[in-house]
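Subject: Structure for you to look at

Hi,

Here is the structure I promised. Please open it first, then read my notes below.

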Amino acid sequence: MSDPILRPPATAAELTAYYDLRWRFLRQPWDQPRGSERDELDDDSRQTFVAHLAAWHDDGRILGVGRLHFNSDTEAQIRYMAVEEDARGRGIGRALVERLEELAVEQGAERVMLNARSEAIGFYERLGYKVVAKGVAMFEDSPTGPVEHARMEKPLSS
């Protein structure tokens, strides 16, 4: 496989694929409804910086997704990271995170944070993130029970 093309979704069909991937990997396994893969920042019309990023195969197939937004003038947050099962282990997640970090630095961030599921902590640690809090729970109302996350942070240099 050639290197993925990293860019935001550019068409209505690409945006649909982008949100579908987020839902299938980040919400569906916990019986969360369609629409729960989105939040108020996805369509934010205010001056908030939000970057949607996807990894695309050269045949146009979406391989992975991630989003960056700012919590403050100096803190960026990565959310909604997901990579297709058959594309994992090929550096796509790393490429997405590194590009989102570059965008954060370009916008003046001094650090980036994220909430990682327990199975993803090692991945983010290999990228320089440190666990700063454990026990962040999501989907308390899920029939399968809450999903534990760890808050992780990484300082950025400009």
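The notes below cover one strand, its partners and a pocket.

This is a predicted model: local features need pLDDT of at least 70, side-chain atom pairs count only at pLDDT 80 or more, and totals for chains, interfaces and linings use all residues. Residues are numbered from 1 along each chain as its sequence is written, and side-chain values use heavy atoms, without hydrogens or water.

Start with strand E4, residues 75-83. Helices (H or I, at least four residues) and strands (E, at least two) are DSSP runs, numbered from the N terminus. In E4, 8 of the 9 residues are buried, meaning under 20% relative accessible area with a 1.4 Å probe, protein chains only.

E4 pairs with strand E3 (residues 62-70), antiparallel, over 6 bridges. Pairing takes at least two DSSP bridges between two strands. Val65 has Ala82 in E4 as its bridge partner. The two strands, E3 and E4, form a hairpin with 4 residues between them.

E4 also runs parallel to strand E5 (residues 111-117), joined by 3 bridges. There, Ala76 has Val112 in E5 as its bridge partner.

Now the largest pocket (an open set of points on a 1 Å grid over the protein atoms alone, where a 1.4 Å probe fits, with protein on both sides within 12 Å along at least five of seven lines). Its lining has 33 residues, each with an atom within 4 Å of a point. Ala82 is one of those nearest the centre. E4 gives the most to this lining, with 7 residues.

Best wishes

Definitions and conventions. Buried means under 20% relative accessible area, exposed over 50%, partly exposed in between (1.4 Å probe, protein chains only).
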